[in-house]
Every structure is written in structure tokens, then in C-alpha cells.
Amino acid sequence: MGDLERKADAVFEGGGITGIALVGALQGFEEAGFHWQNVAGTSAGAITAALVAVGYSATELKEIMDTQVDFPKLLDAAGIGKLWVLGPWLSFLVTKGMYQGDYFLNLMRKLIAEKKGKQRVTFADLIMDKVPGDSEEDYQKKYRHKLQVVASDISRNEMLCLPQDIDKLGLGGLDDLEVALAVRMSMSIPFLFKPVIMRERGKQHWIVDGGMLRNFPIDLFDSPAGQKPPWPTFGFLLCEGPHDEHIRDPISWARAMVNTMITAHDRKALERADKHRIVKIPVGKYSANNFELEAKDRAWLYNSGYQAARQFLDGPPPWDFNEYVARQLECCVSKETARR
């Protein structure tokens, strides 16, 4: 495999706490020599993509998970939200989220600042050079920024792909958007975390988890139909095993709703296409909103991601770039025919 073929784009699915498995998958690909160009993600996938975009390796991300993240603190109650039993629901009534998401936002800011050497990192710090052959339109919409984050604007019923869609929020230049804040928008799991509210000339935009509308935008970096891709796009999909949700009270009901919302998208379509570039990562019995996993459970998820990546690359048959190109061109023709 030549150096050009070792370049790759990556799209990471959202999946709450099961996103730990994405780091294991990254480790498998990086050991195989791949280095990432454009990256994108939703919710937990946006977290992974953002940290990769600012320069973290899979090995560094594993160390961060093991030593710097206090996972129970991600559910950061505040004020009346700390009251026993009813606190989370009272918080939801006041702030529209059981938990604040401030611990996560501050942690992301800290990690990104440490890697980039500055306090406030924006998408201006993630601009990439234009590659010969890219049209100006594609460069501006898909390739200019190393990172793309998917979120949902429920006040306007539309998906946001940030930073490109920042003009829809009336916030000025897309390069000025803070990376950590964009990721905080994308991980605002409904009910669980309060939404990010952006104000524009008297209007309010309520931004929540991108998984409500597009949890796995695998085609985000695709070349035009019929055009050979210069390198592959890999999608990392978190696959839950069959299990029943035990609904006992309003909290477990809300969790079941959230888990269904962020795991059901895109699955039927993926049964028919794109299999040649999707790494399916089993996450077993673990649900997206179980933030109190023990160390052994987190290790299981990481290892599941790693094994899924190695199996995808090593086969049988082993992954092959020429085969990828042939299947991608065939897939693009099929999609174009279906649209007509």
C-alpha cells in the first residue's frame, strides 16, 4: 500500500458512552499505518473526531480515558438537580436537561488547548490546504476544515454540519466557532443534557445531539459520482447487541427513548450499501447512556473496537484499496440510478 493510500477520511457514529470503542478501532487503523485527513462525527463520534483533528493519537486518547476522565462526573447535576430522586427531573423542567454538560465542555477545552497550545481553539485552527483537483465548491463545503461536527437545531427542525452551517445560526464567520462548543452542541443528548441555546437577533436556536437527524453521515466526504476517490473513507459504526430496555420509572423511560433515537438511524440503508467501508464495532450489552461503567467494562469496549478494526483490515479477505475503489464507484452508480 502506497503512502497516498494510507491517507484516509473517517466518519464516527454517535453512541454515548459506547464511543469508548471508537478509540480502540482508531488504534487498530493507526497500527496499520493510516493517517487521517478529514474527520467527522456525531455526538460521541464528534468527540473522537475533534480530538483526532487537533492532533491526538489513539494511544494518547486511551491514556486520557484511563487517567483524565471521571466518567460519572459527565452527569453533572447542579442546583436543584442535586436533589435526591426528583432532582434530575426538576432540572429538566428548568433547563431542559437533567445534567448541565459543563464538566464535559471544560474537559474538552482543556484537552484541545493542551494539544494546540492556545486557550480558545476555533475552526480557523483546523483549516487545511486545498488539494489539487478539488473544486472550489467542494473545498469550501467539505474539505477546508479538517473537522465536521453534526448537530440538530430543533428550533428550525434541521441538521447542522458545523462549521459550514454556522451562518444558519447568525453567528458570523464560520472560522470563529469554538471547536469545543461545537462538540458540546453535538453531544447534547435530549433529556439527558441541557441543549446549547444560541441567540440571534431576538431568536433562539436550541441545539441538541446530531444523532436525532443523522447519526452516521458516512457519505460526507464522498467524491462526485463516477470520480475515483483519492483515498478511502472509513465509517466506524457502533452496533448494540439485542437486548430489552427495562422501563421501570420516568428516568428509565427517558433513557430508553434516547437510546432508541441515537442508535436507530441509518441502519436499514447500511444493510444495502457501504459495507465495504464500514467497520462494525460490537458494543455488547452496553447502552449509550450508561455513564457509570467500571474500568473492566470500558476495557471491554476498547478491545472490541480494536478487534473489529483488525478483523476489517486483515480479513479474510484483507482490505484492498483497489477493491475499495471498484466497489465505491459501483455503489455511487447504484445510488445515482436509485435517485432517478
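The questions and answers below go through the features of a predicted model and the rules by which they are named. Residues are numbered from 1 along each chain as its sequence is written, and side-chain values use heavy atoms, with hydrogens and water left out. Because this is a predicted model, local features need pLDDT of at least 70 and side-chain atom pairs count only at pLDDT 80 or more, while totals for chains, interfaces and linings use all residues.

Q: What makes an empty space in this model a cavity, and how many cavities of 30 Å³ or more are there?
A: On a 1 Å grid over the protein atoms alone, a cavity is a set of points where a 1.4 Å probe fits but cannot get out, and its lining residues have an atom within 4 Å of a point. Grid points are joined across faces, edges and corners, and a volume is the space filled by probe spheres set on the points. By this rule there are three cavities of 30 Å³ or more, and the largest cavity has a volume of about 440 Å³.

Q: Which residues and helices line the largest cavity?
A: Its lining has 24 residues, and Ala44, Ile47, Phe71, Leu74 and Phe104 lie nearest the centre. Helices here are DSSP runs (H or I, at least four residues) and strands are runs of E (at least two), numbered from the N terminus. Helix H1 (20–31), helix H2 (44–53), helix H3 (58–67) and helix H5 (102–116) each supply at least two residues of this lining.

Q: How do the lining residues of the largest cavity divide into nonpolar, polar and charged?
A: Ala, Val, Leu, Ile, Met, Phe, Trp, Tyr, Cys and Pro count as nonpolar, Asp, Glu, Lys and Arg as charged, and the others, Gly among them, as polar. Under that rule the lining of the largest cavity holds 20 nonpolar residues, four polar and no charged.

Q: Why is H1 called largely enclosed by the rest of the structure?
A: A residue is buried under 20% relative accessible area, exposed over 50% and partly exposed in between (1.4 Å probe, protein chains only). Ten of the twelve residues of H1 are buried, so this helix is largely enclosed; among them are Ile20, Leu22, Leu26 and Phe29.

Q: How do you know that the span of H1 agrees with what is expected of it?
A: The expected span of a helix is 1.5 Å times one less than its number of residues. For the twelve residues of H1 this gives 16 Å, and the end C-alpha atoms are 18 Å apart, which agrees.

Q: What makes S7 and S8 a pair, and how do they run?
A: Two strands pair if DSSP finds at least two bridges between them. Five bridges join S7 (residues 196–200) to S8 (residues 203–209), and the two strands run antiparallel. The bridge partner in S8 of Glu200 is Lys203, and that of Val196 is Ile207. S7 and S8 form a hairpin with two residues between them, where Arg201 in the turn has a positive phi of about 50 degrees.

Q: Which side chains of S7 point to the buried face?
A: Val196, Met198 and Glu200 point to one face and are buried, whereas Ile197 and Arg199 point to the other and are not.

Q: What other strand pairs with S8?
A: Strand S4 (residues 147–153) pairs with S8 in the antiparallel sense over three bridges, and Asp153 has Ile207 as its bridge partner in S8.

Q: Why is Cys161 called buried and Cys239 partly exposed, and how many disulfides are found?
A: Cys161 has a relative accessible area of 9%, which puts it under the 20% limit, so it is buried. Cys239, in strand S9 (residues 233–240), has 21% and is therefore partly exposed. A disulfide is a pair of cysteine sulfur atoms within 2.5 Å, and a search of the whole structure finds zero.

Q: Where is Ser43, and is it buried or exposed?
A: Ser43 is in the loop between strand S2 (35–42) and H2, and its relative accessible area of 3% means that it is buried. Ser43 has a positive phi of about 55 degrees although it is not a glycine.

Key. On a 1 Å grid over the protein atoms alone, a cavity is a set of points where a 1.4 Å probe fits but cannot get out, and a pocket is an open set with protein on both sides within 12 Å along at least five of seven lines; lining residues have an atom within 4 Å of a point.
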